[in-house]
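This report looks at charged side chains, at how they pair and at how far they are exposed. Please keep the structure at hand while reading.

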Amino acid sequence: MLGFQHPAGADKSIWLGKGLRRCQGTPPSRVIGAVRRLFQSIPAASAGGVIADRAVGRAGAMNRFRGSKYRNTAPRLPRRVDWIHDIRAGSAVSYGNHIKSSCAFIAFNTNGAGGGSLGILPLETEKQDKQHVSELHCHADLVTDFDFSPFDDGLLATCSADVMVKLWRLPDAVEQVSSAQNVTLGPEAVRVECVLFHPSADGVLASGAGNTAKIWDLTQQKALAALEDHGDQIQSLTWKKDGCLLGSSSKDKKLRVYDPRATCSAVQSVQGHDNIKDSRLIWLNTSDTVLSTGFSQMRERQARLWDTRRFTSPITTFTLDTAQSPLIPLYDADSGLLILAGKGDNILHCFEVSTTEATLTQVNQCLTEVKSKGVAMVPKLALDVMSCEVIRVLQLTENSIVPISYNVPRKSLHEFHDDLFPDTPGNTPSMSALDWFNGSDEQVPKISLHPEKRTRQSFISNVVPSLQESSKQLQERAPREEEEMPWETRKPVHNGQTSSSSSISSMTSPSITSPSSSSSKLSDFVTTPQSQKSVHSILGNNSKFRHLQGTVSHRDTHITNLKGLNLTTPGESDGFCVNRERIAIPLSVSGGQVAVLELSKPGRLPDSSLPTIQNSVAVADLSWDPFDCHRLAVAGEDAKIRIWRIPTGGLTQVLSEPERTLSGHTEKIYSIRFHPLASDILASSSYDMTVRIWNLSSGKEEITLRGHTDQIFSLAWAPDGQQLATVSKDGKIRVYDPRRLVNPVQEGPGPVGSRGARILWVCNGQYLLVSGFDSRSERQIYLYNVGSLASGSLATADINPAPSTLIPFYDDDTSTVYLTGKGDTRVHIYEIQAEDPYFLQCSSFSSIEPHKGLCFLPKPECNVREVEVARALRLGHNSLESIIFKVPRVKKEFFQDDIFPDTTIWWRPVLSASAWLAGSNGQHKKMSLKPEDMTPVSEAPKEVPVRKYKPSAFYLEEKTDEEKKEELLSAMVAKLGNLDDPLPQDSFEGVDEDEWDD
């Protein structure tokens, strides 16, 4: 039948086509053999030979296609209501996928401050539009890559441009993700680009930074192997599925294979793709086949299959298109399906990979509504197998996450299709990190995906302890400490850490950086046997401002349509300044222009240009005179300070001539500060590492303070105006008595980070508060005793990782400090005490969009009738809005004198410049904020408590049997009603006899 005998002289190509059509239904292998025998006598160069080769190729392709169970796999795009909406995806530029998923959580790059944040939300299949997205502040710089543990759904590894690798323990409730515990690895020499967990061992992590890949033992928190022979930046890492080998792709166009337990050099390497653009490498199952994606020399996107046993040239090369975005490969080992998606594309390509025949067969293409910022594959154990879902892809877009399911159509969805879902690796590791490093290659046990056969197993790695485990350790440790401590000495010990109350447990708290440090921080709180006292001992003192609420005022009070804002002012500047009447904002227009806006004229600004101050050079810092609302000091990059006079009513025309110009510094000026008591006294710091004190009435430089060896980050006058403090890049805090000595009278160690710092005086000048960075570039605040700077800080509180310096504002009346940075979305609030515990955390304020700056108005601008304790102006991208901070109180009709003490009249000078320079001192007067028609709450009449319930004697009183019978009878009669009342039917009306129809 399959002899394929043909008539003499017949065209072989036509005849062959007819013969193949007649053989439909015959096994393709027999067809191939018959075709080969038929054309053995035909020369290879002839047309018949070409036709035969094509026929064999098509028949072979048919063989592969017919043998696939997944050939009809089809993507299902969800409706928009099933998308995860209202997210802010980050615009990170890195080699990462920007989104990852475990069986419990989804993590993605979010548009947080500096890019150092991730969005975290639960993985659910229903009501996606109502999911809660929490923000995890991970790093001080851009998060470049992250990965979930294949066994522990709550264990997340992150890496960043801040040269750190961190491990996070995500809580079960995403609302509490801000309090997630972490372990820090590093720092590395350069930016870390990728992290990847081991596929079979718990506690093994690979990271790539620069040209070095490291293998970490997370249980010991140290690197056990460093693979340093990459010629350029590592772009991706991939583990073989059995965990014995590691592959990498790098910017030097090479693909490498390592055996990290045997040698730190590559055991194999090959030239990968011809272009240095982003390339990826993934291992296909436990086979020796790897797949790489990259660009050709003609900038075409390619996918290549390689056999690592003959790692010299690709087995197969598939050219996709000429798009510019790099390809992200996602591979499912169980089905052999491969998803290729490009960043910025709106199409997903699905292929079937045959590792035995080394072929790529395209299955389908999925056109999406929006472009991708990243893609991720949901773990196999989280799929809906009963609907034949073989793959689920999460597409990250600019403001949403789209779950795309790939399903194999089957007639019956009521039974489990075991041919589609073979046993898959479970979520229990096969070995520990130590076992793997010692040479073990034990594989992860496989489990069935059949819903009736699956067991609910959960594995929790001990790499990062959970909060419950830390609390258990605390409870076990506390009784032992109590036995060792005398009763009179048992009190809360803080050792410079922040205390937090239970009412704000879900808000941002000081970060726990490692298991050892977390246990030390938690163990600082010692319990006592008495229940009431133990709670107080554990939580410490509570701030009366712990429930402080920040709200944005009505839009009618905003100033909108701000254009051309200068968003690149130096970090030493607040970005803009405000007084009781007006705001000064630097603009990005050439010539160092400054816009001056009147607070009394809110609303939308005209589209036409506004009259401005022409400072002639770029603005470095600016400050209003606290005693004159019309005088503005502007420091320029030309080392000069210009004093400007604003006319009454505001600017009506361009102001180009300053009232006075101060010259003396030889380098660019950092910051300027007016004296708090004396008029016409101004201090300035500069790149020439000096602080100069000026007399504005004469325009002369009076004092030059020296002693700095590096950049001066910040300076601040003491409240009494007698001393001045600075913090600088050389890691020192200095205090000067400028009228007595030009050198510091005290020095002490400051923040070790070199990114920036701020300093101010608190608690009536007894302490110095400094905000800065630690050695890992995480933001912290420090408290110093002015009398003993050399002994270091009294207290330290971790805030969060972010790149911008925290700008503090201190309210002397309430002893609260407000901290935020440029580009932040959160304002952190602490009450500062003069004794341990020094920091009491209060509720924080969060905004949707990052702010460019935050400045506070004078205390008399607050509405004390509404219990406003502070009022600030927030500078946004193109608007200026008012934020009101209130303390919730029940009796608002009374003046809350416990939180509104007499306030300082700091807007009136106490001394003249000449008097202060001559050695005179003074003190501000104070005034009450109480309106005349309000009574202090301390004098409010005491209310007599009203009993809500009857006394217990009423219920416990014994009653006689007769009384009980009488009560029961009365109750029954009350239910039946009055027996003398007419029945309902008595009121019905009948019809006349003649109206009946016979």
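In this predicted model, Asp607 forms a salt bridge with Arg604, and the closest N and O atoms of the pair are 3.4 Å apart. Both residues are exposed, Asp607 as well as Arg604. Salt bridges that share partners also join Lys240, Asp288, Asp307, Arg309 and Arg310 into one network. Within that network, Asp307 and Arg309 are joined by a salt bridge of their own, in which Asp307 counts as buried because its relative accessible area, 4%, is under 20%, whereas Arg309 counts as exposed because its relative accessibility of 58% is over 50%.

A further salt bridge links the side chains of Asp419 and Arg410. Asp419 is partly exposed, at 31% relative accessibility, and Arg410 is likewise partly exposed, at 27%. The structure holds 45 salt bridges, and the table gives three of them.

| Salt bridge | N to O distance |
|---|---|
| Asp307 and Arg309 | 2.9 Å |
| Asp419 and Arg410 | 2.8 Å |
| Asp607 and Arg604 | 3.4 Å |

Other acidic side chains belong to a surface patch: Asp961, Glu962, Glu963 and Glu966 form a negative one. Glu966 lies in helix H10, which covers residues 961-976, and with a relative accessibility of 49% Glu966 counts as partly exposed.

Glu357, finally, sits in the loop between strand S26 (347-354) and strand S27 (359-367), where Glu357 is partly exposed with a relative accessible area of 44%. Although Glu357 and Ile315 are 42 residues apart in sequence, their C-alpha atoms are 9.7 Å apart in space.

Note on methods. Residues numbered from 1 in each chain as written. Predicted model: local features only at pLDDT ≥ 70, side-chain atom pairs only at ≥ 80, totals over all residues. Heavy atoms only, no water. Patch = residues over 30% accessible without salt bridge, like charges linked within 9 Å, V, L, I, M, F, W, Y side chains within 5 Å. Areas by Shrake-Rupley, 256 points an atom, 1.4 Å probe, with all protein chains shown as cover. Salt bridge = Lys/Arg side-chain N within 4 Å of Asp/Glu carboxyl O. Lys, Arg positive; Asp, Glu negative; His and termini not counted. Charge placed at Lys NZ, Arg CZ, Asp CG, Glu CD. Helix = DSSP H or I, 4+ residues; strand = E, 2+ residues; numbered from the N terminus. Buried < 20%, exposed > 50% of the residue type's maximum accessible area, 1.4 Å probe, protein only.
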